[in-house]
Amino acid sequence: MKGRKLITRLAAALGILAGGSAAFAAGGEIVIGDIDDLSGTYADAQGVGGIEAIKMAIGDFGGTVLGRKIVLLTADHQNKPDVGASKFREWSDQSGLNMLIGGSNTGVNIAMAKVAAAKKVPLFVIGAGGASLTNEDCTAYSIHYVYDTTALANGTASTIVKSGGKTWFYLTADYAFGSQLQNAASKVVEANGGKNLGAVRAPLASMDFSSFLLQAQGSGAAVLGLANAGADFSNSLKAANEFGITKTMKPAALLAFISDIHRLGLQTAQGLYLTTGWYWDLNDDTRAFAKRYFAKMQVEPTMDHAGAYSATMSYLAAVKTMGSADSDKVMAELKRMKINDMFAKGGYVRADGVMVHTMYVMQVKSPQESKYPWDYYKVVKQMAGEEAFGPVTGACALAPK
Amino acid sequence: MFGVPTTVILGQLMLGLVNGAFYALLSLGLAVIFGLMGVVNFAHGAFYTLGAFAALLGLQWFGVNYWGALVLAPLAVGIFGVVSERLLLRHVYKLEPLYGLLLTFGLSLIVEGTLRELFGSSGRSYPVPDALKGAINMGFMILPLYRAWVILASLVICGGTWFVIERTRLGSTLRAATENAQLLQAFGVNVPLLFAATYGGGVALAALAGVLAAPVIVVSPLMGNSLVTVVFAVVVIGGMGSILGSVVSGLTLGVVEGFTKVIYPEASNIVVFVVMALVLILRPAGLFGKE
Amino acid sequence: MRKAGIFYALAGLFALCVPVLGIYPIFMMKLLCFAMFACAFNLLLGFSGMLSFGHAAFFGTAAYTTGWLVTAHGWGTVPAILAGIIVAAALGLGIGLIAIRRRGIYFAMVTLALAQLVYFICLEAPFTGGENGLQDVPRGSLIGVLALKSDIVMYYVVLAAFAAVFASIRRIVHSPFGQVLKAIRDNEPRAISLGYDINRYKLLAFVLSATLSGLAGSLKTLVLGFTTLSDVLQANSGEVILMTLLGGSGTFFGPVAGAALIVTLQEYLSDIVGGWVTVIIGGVFVACVLAFRRGIVGELAALRLLR
């Protein structure tokens, strides 16, 4: 029986250690958190680079705000809503979290938004795209900062329909983001006189898209709508090439980051239309940021990286202006202030949480058109924020029509 | 037919045959290890993944091309298997068979976890070898040449293995060891060596399947995980110790899965398990089982 | 028996003081739910000698049932938990009837495959929310009397449930039914020759184990406020096996110790070493199978006995 007592004591000791260690950040610091997909399907869009961007912002802001040191906590949600939500809750309860940057994966962010509302901690959604985050799933504490499925559809889908792609078939990632993206694109297609012939749903992080693509081909549609992202996007596009599907169907990259284009190579990706909230080569400001980022990460930043930087700066600025880290005060300031930095000019946070800013429809250059490394995009259309994100739908209680 | 164009049906059946080839290869390795050693190798999926990674890293680090990988990767992984067998596995032979399952389960956690930590969980791609690029226009679909090669290669390997085990002296020695290892040892056969070689061989088969899969599938640390459960079901359906049973079941179930994708796509993931449940109710020893 | 009594009293005292000690209640509740799951699993493995590789199916299905009834249909907390338990029991009966036909390894593989089937059904079924799972499950109140929103109140409720499950398992094992199970575990042919209908006993043990696993799952949903595919994932089945084996199958407190160890490791070690936690746990598992088959509690008990 001595052995059993020993176990009890060990467990107690572990427990006390646990309780103690978790409360380390409670002493007057400003705690920023980043919960993201650091190793999976979406790791390149934000991921480790996003952490670096946040660190750059903290450094640029001076490392402290209101005399309080800024601390960064990071965690990998592994594309599991329960992991993300639990970590967020734990940091709020135990580590005095003041603000959370939300990484990729809409499903995880929906779960985290609920925690944000319950714990009253501002959540900046960067990597995730689902527009429901500012509609049915909106909260008083979430801000959708970089892009959303509405903007993607209004940009890419409308460009393709207007240039002749009238019939669509979707390959959709089988979770919140994929379905929302497919729905948004479908609406735009129909609004522009096109037809949606059907869709096939592939699990997130599928390894073999061949049978799904075969179904797509069987539909006879002119456009293959790829309602997925990250590694799913590049893998499905490659498979589509392999099976000769891209000869009869035009692929629509409903969400693509520059990291995806880099992975695919211009030979495969040329001619693709895509919508982005930011591009490294737009102007001198963007290039300046990109240069610093490249020095650290050896790749050019995606819109998520720039967005993470900008969101952190905006948050810290709001805290400074209000002289307090109180969430309600900070949220009020964030919805009042204008965002003018290398990420957005004249951007503002709407009542439903959308950060309204200019979006760009790009076309991927051909290998001949590209003059230097990472010279991948040409601007096809510049959309004002109001056009890209559309009017307030009224689905969010905070922003009635 | 079924409201779906015939081309799509045939196309899915073709793809199903390709998948079936993988099922057959993997269940072959499992059946060999189980039939000859009584060990259920839960780490089979992990070795399959290792094979694919060996090919990938062989290319990236040493410039070993696909054809070299087909030989070297199974060799390397097979050696790793032999080492695992000698160090870890042989301690559980004298215990209940359940411990073999548990040990290999733990081993799979280590291997897959390490791969995931080192390489991230999103996949990398492995290029199709130049000689097999391009596609055959079969009329109802464009079949990439590489996939046709996979079917051919698997059939040859499965056939070859079956032949070795059922028709050669080496094979009969192996089969004798299953029936009465001690007696065989008394005859002067080095049984521990035989066991080590068998495990290494079975595992090398898994790795070979991994190399074959690399250009088709995304090479990721999780690739074996999702496959191993299906392969277990295939082996149960075919009959646990039967090599012929595993191969036939593997190919057939691949095609059945492909067919299900056409008529009832949502069920395509579970059809193998449903078949397994039915087989268990109607014929518990499996279709070709010996009990 | 007196020593066991002292031990349990001390453990109970510690458990009661947890909120006072400043330990994160949600972490402790998660630990208790998994300890319950492991104890239920051990009823089957340790005391009946059957290794199921798919127990996550029962844990997860009950979790989904409770979560769905509370969120989509506004059921009360206790009825939802009861519904979860009943569903788990029914599933246990269904899977058990098919799986019992085989023994040993085959039994394990069949449970594995059938659990995978359950996983895919949960993935596809419209009401489970697929990859998103069920979110924002409110805790409600206990029979309308005790509001469960407070973590501390919920903790004591879960603790009480755990104590009840633990006591029931002890009761079952020490009962004549339990003795027959142990006899079947130790020597099945002899049990048959003694005239027992072993399939009936095994099936009943399986269903009991499934039911209690379901209770653990339902509670977990209410504690954490969500149910996701992780609950029915193969990895979850693997983890409960780990917990039971590490702690010591065939002992009462073993699964609890094992669960405590694994949940703690995953929570706090992962902050330090990130994903390597899985590899470390795998290594510990292999070591266990090779050298410490009796698990922590088993080994310690054996040491004491030898002295």
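Two residues are in contact here if their C-beta atoms, placed from the backbone, lie within 7 Å. Keep that in mind for the whole tour, and remember that you're looking at a predicted model.

**Stop 1: a valine in chain C**

Select Val180(C). You'll find Val180(C) in helix α7 of chain C, which runs over residues 176-186. Which residues does Val180(C) contact, once you leave aside its neighbours within four places in sequence? Light up Tyr196(C) and Tyr201(C): those are the ones. Now try the distance tool on Val180(C) and Tyr196(C). They sit 16 residues apart in sequence, and their C-alpha atoms are 8.2 Å apart in space.

Is Val180(C) buried or exposed? Burial here takes 20 or more other C-beta atoms within 10 Å. Val180(C) has 20 such neighbours, so it counts as buried.

**Stop 2: where chain C meets chain B**

Stay with chain C, but bring chain B into view. On the chain C side, 32 residues are in contact with 34 residues of chain B. To see where they come from, colour α5 (104-124), α10 (234-247) and α12 (276-291) of chain C, since each of these helices supplies at least two residues of that side. Which of them gives the most? That's α5(C), with 14 residues.

Next, colour the side of chain C that touches chain B by residue class. You'll get 21 nonpolar, 8 polar and 3 charged residues.

**Stop 3: chain B as a whole**

Hide the others and show chain B as a cartoon. Count along and you should find 11 helices and 2 strands. Walking along the sequence, the pattern goes α-α-α-α-β-β-α-α-α-α-α-α-α. Chain B has a radius of gyration of 19 Å, close to the 19 Å from the globule rule for 291 residues, so it is as compact as a globular protein of that length. Turn it around: along the principal axes, its C-alpha atoms fill a box of roughly 60 × 50 × 35 Å.

How much of chain B is buried? Buried residues make up 57% of its 291 residues. The contacts tell you something about the fold, too. Take those between residues at least 6 apart in sequence: 77% of them join residues at least 24 apart.

**Stop 4: helix α4 of chain B**

Select residues 97-119 of chain B, which is helix α4. At 1.5 Å a residue, its 23 residues should span 33 Å, and the C-alpha atoms at its ends are indeed 33 Å apart. Now show its surroundings. Of those 23 residues, 17 are buried, so α4(B) is largely enclosed by the rest of the structure. Click on Gly120(B), which follows the helix: its phi is positive, near 75 degrees.

**Stop 5: over to chain A**

Bring up chain A, which has 15 helices and 16 strands. Its radius of gyration is 22 Å, which agrees with the value near 21 Å that a compact globule of 401 residues would have. The C-alpha trace spans about 70 × 60 × 45 Å along its principal axes. Of the 401 residues, 59% count as buried.

**Stop 6: a sheet with helices packed on it**

Here's a nice one to colour strand by strand. Chain A has an open sheet of 6 strands with mixed pairing, in the order β2-β3-β1-β4-β5-β6. Find β2 (64-65) and β6 of chain A at the edges: each has a single partner strand, so one side of each is left without a neighbour in the sheet.

Zoom in on β1(A) and β3(A) (residues 68-76), which pair in the parallel sense over 7 bridges. One pair to pick out is Ile32(A) with its bridge partner in β3(A), Leu72(A). Now add helix α2 (residues 47-61) of chain A. This helix packs on the sheet, touching β1, β2, β3 and β4 of chain A, and its direction makes about 160 degrees with that of β1(A). Show α3(A) as well: it touches β1, β3 and β4 of chain A, at about 170 degrees to β1(A).

**Stop 7: helix α4 of chain A**

Finally, select residues 106-119 of chain A, helix α4, which has 14 residues. Of these, 11 are buried, so α4(A) is largely enclosed by the rest of the structure. What covers its buried residues? The cover includes β1 (30-36), α3 (81-94) and α6 (176-191) of chain A. End on Lys120(A), just after α4(A), where phi is positive, near 55 degrees.

How values were computed
Residues numbered from 1 in each chain as written. Chains lettered and ligands numbered in written order. Predicted model: local features only at pLDDT ≥ 70, side-chain atom pairs only at ≥ 80, totals over all residues. Helix = DSSP H or I, 4+ residues; strand = E, 2+ residues; numbered from the N terminus. Nonpolar A, V, L, I, M, F, W, Y, C, P; charged D, E, K, R; others polar. Rg over C-alpha atoms; globule rule 2.2 N^0.38 Å. Buried ≥ 20, exposed ≤ 12 C-beta atoms within 10 Å, placed from the backbone. Expected span 1.5 Å × (residues − 1). Pairing = 2+ DSSP bridges. Axes fitted to C-alpha atoms, helices over the stretch in contact; angles between N-to-C directions.
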